[in-house]
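Me: Got a model open here and I'd like to talk through how its pieces pack. Mind taking a few questions?

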Amino acid sequence: MNFQLDEDRRMLADALNRYLSEQYATEYRNKMAYGEAGYSADTYAKLAELGAIGALFKESDGGFGGAGVDISVVFEALGTHLVAEPVLGAFLVGRALTEVGTDAQKARLEGIIGGETVCALAHDEPANHYELNRVATTAKKDGDGWVLNGSKAVVLFGDQAQLLLVSARTSGAVGDEAGISLFLVPGDAVGITSRGYGRIDGGHAAELVLKDVKVGADALLGGEGQGHALLERVSGFGLLALAAESLGAMDVAKNHTLEYLRTRKQFGVPIGSFQALQHRMADMLLEVEQARSAVINAAAAIDEADRTAREKALSAAKYTVGQIGTLIAEESIQMHGGIGVTWELPLAHYAKRIVMIDHQLGDMDHHLARYMALGLA
């Protein structure tokens, strides 16, 4: 198998990395990521202009990519530069639209791909602990439309999104796979209250409360009560994206640590000449390549027709980057010493992001258990 990128993907990666290297310096990134909004609207628009969002969608849906390798190329570049902009939300909501949306619903894709519409997936709830089937938010019929009630937790950019993709139960009990439906809800719909806050790794999230939120019949995405399969599919795209983002961040943390070992001197010699540190650095290099292999495998499997094979590859990638990411974050900081946790050093922010990625869409323990369960299915 040829793991080399073709010319178009190399050009996309080069364009993204060049722009972000020149215009998204650490100081600017931190000012935006830890600011009131949690991101830069100008940067988000520029990323869309460069094709970072369009590359995540197929040509038939208005994009120019959409394959697993396209997704990994984009998110690896975003991870390399710690991009905090709401690209993941656009990707997840947009791909849900491409999977089951009507023509009228798919018309929203133009604004999403163009960077004009900020989107958010509102699925997690205070008690669901990563389980896609645990949905307590309800949607009840109201004439031709629906009324939604419930709470959603840690919704990325949920208080700023113009379009929310909300999971709600239309039948069955909490924990049932059947009976979950997905709804497209305007972010400013009457009845939605939000509490926004900055995330520890930069960016923004919100707790949402939906009280008697009324939406029309056209808000239902896909079939009534059939949202679990779509949630799994969308989550799978997210797992690949996060794994690639983590890989990009790990590469930077590894390289910064290697450079520090070459330049930091103790007893008159570079500390990289100490055998114990050389062994630890060699382990880091090997582990990052293991993570890269897992991401490549997940990218190749993302469109696999065999559900079990596809989901195992995705859970394996998320578990791998969670385990290895923790190692890279810890080793990088320890080999830097006290300076490794200072705000001024970019490494500290990379370490935070790597660790927090593990907690998005399921941590390593969750995906290890899921991988084993899929193997027994």
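**Helix packing and a cavity**

Reply: Sure. In this predicted model, helix 8 uses Leu-240, Ala-243, Ala-244, Leu-247, Met-250, Asp-251, Lys-254, Thr-257, Leu-258 and Leu-261 to meet helix 9, which brings Leu-277, Met-281, Met-284, Leu-285, Val-288, Ala-291, Arg-292, Val-295, Ala-298 and Ala-299. Sorted by class, that contact has three charged residues, one polar and 16 nonpolar.

Me: Are helix 8 and helix 9 roughly parallel or antiparallel to each other?

Reply: Helix 8 covers residues 227–263 and helix 9 covers residues 275–301, and their axes come within 10 Å. Those axes cross at roughly 160°. Angles over 145 degrees count as roughly antiparallel, so the pair is roughly antiparallel.

Me: And which hand does the crossing of helix 8 with helix 9 have?

Reply: The angle of roughly 160° doesn't give you the hand by itself, so look at how one helix is turned against the other. Helix 8 passes helix 9 in a crossing that is left-handed.

Me: How much space lies in the largest cavity?

Reply: Searching the whole structure for cavities of 30 Å³ or more turns up one. Its space comes to about 190 Å³.

Me: Which helix gives the largest share of the lining of that cavity?

Reply: The lining has 19 residues, with Val-83, Ala-84, Glu-85, Glu-245 and Arg-353 nearest the centre. By class, eleven are nonpolar, six charged and two polar. Helix 4 (68–80) and helix 5 (87–100) each supply at least two of the lining residues. The largest share, three residues, comes from helix 5.

Conventions. Residues are numbered from 1 along each chain as its sequence is written. This is a predicted model: local features need pLDDT of at least 70, side-chain atom pairs count only at pLDDT 80 or more; totals for chains, interfaces and linings use all residues. Side-chain values use heavy atoms; hydrogens and water are left out. On a 1 Å grid over the protein atoms alone, a cavity is a set of points where a 1.4 Å probe fits but cannot get out, and a pocket is an open set with protein on both sides within 12 Å along at least five of seven lines; lining residues have an atom within 4 Å of a point. Grid points are joined across faces, edges and corners, and a volume is the space filled by probe spheres set on the points. Helices (H or I, at least four residues) and strands (E, at least two) are DSSP runs, numbered from the N terminus. Ala, Val, Leu, Ile, Met, Phe, Trp, Tyr, Cys and Pro count as nonpolar, Asp, Glu, Lys and Arg as charged, and the others, Gly among them, as polar. Axes are lines fitted to C-alpha atoms, for helices over the stretch in contact, and angles run from 0 to 180 degrees between N-to-C directions. Angles under 35 degrees count as roughly parallel, over 145 as roughly antiparallel, 65 to 115 as roughly perpendicular and the rest as oblique. Contact means heavy atoms within 4.5 Å.
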